[in-house]
Amino acid sequence: MQRRALLGQGALGAVAVSAAQAAGPSAASLNTLLQPLLAAHGLPALAAAVVQDGLTLAAGAVGTRRWGAQAPVSLDDAFHIGSDTKAMTSLVVGMLVEAGNLRWDTTVAEAFPDLAAGMDAGLSGVTLTQLLSHTGGLPSDNEVFDRLLGQSYLQPGNLDALRYWLVRQWSTQPLASAPGSRFAYSNMGYTMLGAAAERAAGSTWEELVAARIFDPLGLTTAGFGPAARLGRVDASLGHAIRPDGAPEPMLPGPNGDNPLIIGPAGTVHLSVLDFAAWAGWHAGQGKRAPALVTPGTLRRLHTQVIAMPPRPDAAPGTPGRGGYALGWGVLEPSLVIRTLPAACRLEHAQPGAGAGAAEPRLRHGYNDQHRR
């Protein structure tokens with residue numbers, strides 16, 4: 001498949017220290033702070049929220065749903081959150097571990113026993129924890145992955161069947177490194193995790209996320225794939241980057257979002273207020289309702305597994321260094337503070353243990369550079 005850099009719908013961020021609630025009438029507007037960032041970073045739209053102790057203190061949404069059009073975004077507009085979806089996949093896996101359907105050390109061969117006989121010997125022993133932390137030895141997205149995504153559009157069946165097909169096709173691929181030895185960001189690894197959850201639970205990944213995360217947390221704007229409806233611009237669009245650097249609006253359709261087959265790696269959309277609720281629930285570290293998993297499982301999800309290689313050329317809003325937990329990046333608070341101005345922390349990260357606060361601040365946001 002042709003690789004294409006995407007802006008996503010713009011950028012979405014939340015700074016939270018507890019479970020978030022809807023913005024009240026007294027919530028301050030961040031629009032004045034956010035507006036200058038549109039031109040500074042070439043963004044179609046930008047939204048952010050600040051949450052503390054269960055209350056949304058401030059929120060804002062600026063820009064346009066479609067580059068070049070007068071279609072202002074609002075606080076209720078859903079934004080594509082890209083790879084922040086991975087934190088939802090990791091939480092679903094944690095739920096299934098607590099239920100006894102899976103184990104943290106379940107291997108790929110155990111998750112897919114019908115494929116074990118023909119599976120690459122290295123891949124067969126990779127654990128779910130290693131896939132969750134991008135340390136399973138799988139290569140980062142490559143030509144084989146792109147080719148299989150293209151072929152998946154021609155396969156019959158529902159998304160769970162397509163994901164199982166993708167795992168079967170990939171299962172003979174050799175590892176790029178020994179499991180546990182290095183960090184390599186793998187969307188295939190997270191798609192494999194979604195397929196493992198589907199087979200363990202007997203439901204599609206989308207059904208699991210909707211029933212176990214969206215509904216209990218009250219994320220009413222959350223969904224999968226393009227946020228706008230076909231033929232309408234009723235939500236913020238994704239934007240590709242043209243050769244001249246200008247954003248190109250991507251209308252709803254096959255190229256309007258990441259392929260649905262890799263949903264566990266990045267197809268969720270939701271509003272900034274719902275995004276703040278999601279991030280704020282994690283910041284509560286299991287102390288606040290709903291009790292989706294135990295505090296111990298949340299600590300496991302948030303605890304660094306491996307350091308990520310430094311990225312001195314990282315784009316604004318993307319950390320140049322840090323670590324990775326299970327679906328979460330881990331940054332020192334000082335790194336987050338230096339990334340963007342206050343109230344606009346756009347980091348897919350949580351400070352590591354030992355930050356000194358009983359309830360450490362959690363920064364969670366979207367400013368990915370997706371490639372298709």
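**Entry 1: the β8–β9 hairpin**

Two strands pair if DSSP finds at least two bridges between them. With that in hand, I opened this predicted model and began with a hairpin. Strand β8 covers residues 238–241 and strand β9 covers residues 247–250, and I found them paired in the antiparallel sense over four bridges. I looked up H239 and found that its bridge partner in β9 is P249. Then I turned to the connection: the hairpin of β8 and β9 has five residues between the strands. Which residue there takes a positive phi? I noted G245, with a phi near 90°.

**Entry 2: the sheet around β10**

Next I traced an open sheet of three strands, and its order reads β6-β10-β7 with antiparallel pairing. Which are the edge strands? They are β6 and β7, since each pairs on one side only.

I then went through the pairings one by one. Strand β6, residues 78–80, pairs with β10 in the antiparallel sense over three bridges. Strand β7, residues 223–224, does so over two bridges, also in the antiparallel sense. H269 turned up in my notes for each of these pairings: H80 stands opposite H269, and H269 is the bridge partner of G223 as well.

How do the side chains of β10 point? I see V268 and L270 pointing one way and H269 and S271 the other way. Are these residues buried or exposed? All are buried, across residues 268–271 of the strand.

**Entry 3: helix α2 against α9**

I moved on to helix packing. Helix α2 spans residues 85–98 and helix α9 spans residues 205–217; I noted that their axes come within 10 Å and cross at roughly 85°. That makes α2 roughly perpendicular to α9, because angles of 65 to 115 degrees count that way.

Who meets whom? From α2 I listed T85, M88, T89, L91, V92, M95 and L96, and from α9 their counterparts W205, L208, V209, R212, I213 and F214. Sorted by class, this contact holds 10 nonpolar residues, two polar and one charged.

**Entry 4: helix α2 against α12**

I stayed with α2 and checked helix α12, residues 295–302. Their axes also come within 10 Å, and the crossing is at roughly 140°. So α2 and α12 are oblique to each other, because an angle must be over 145 to count as roughly antiparallel. I also noted the hand of this crossing, which is right-handed.

On the α2 side I found S90, L91, G94 and E98, which meet T297, L298 and L301 in α12. How many residues of each class does this contact have? I counted three nonpolar, three polar and one charged. L91 is worth a note to myself: it is in the list for α9 and in the list for α12.

**Entry 5: S171**

Last, I looked up one loop residue. Where does S171 lie? It lies in the loop between α7 (159–170) and α8 (187–201). S171 is buried, because its relative accessible area is 5% and the cut-off for buried is under 20%. Leaving aside residues up to four places away in sequence, I found S171 touching M119, D120 and L123.

How values were computed: Residues are numbered from 1 along each chain as its sequence is written. This is a predicted model: local features need pLDDT of at least 70, side-chain atom pairs count only at pLDDT 80 or more; totals for chains, interfaces and linings use all residues. Side-chain values use heavy atoms; hydrogens and water are left out. Axes are lines fitted to C-alpha atoms, for helices over the stretch in contact, and angles run from 0 to 180 degrees between N-to-C directions. Angles under 35 degrees count as roughly parallel, over 145 as roughly antiparallel, 65 to 115 as roughly perpendicular and the rest as oblique. Contact means heavy atoms within 4.5 Å. Ala, Val, Leu, Ile, Met, Phe, Trp, Tyr, Cys and Pro count as nonpolar, Asp, Glu, Lys and Arg as charged, and the others, Gly among them, as polar. A crossing is left-handed if the near helix is turned anticlockwise from the far one by less than a right angle, and right-handed if clockwise. Buried means under 20% relative accessible area, exposed over 50%, partly exposed in between (1.4 Å probe, protein chains only).
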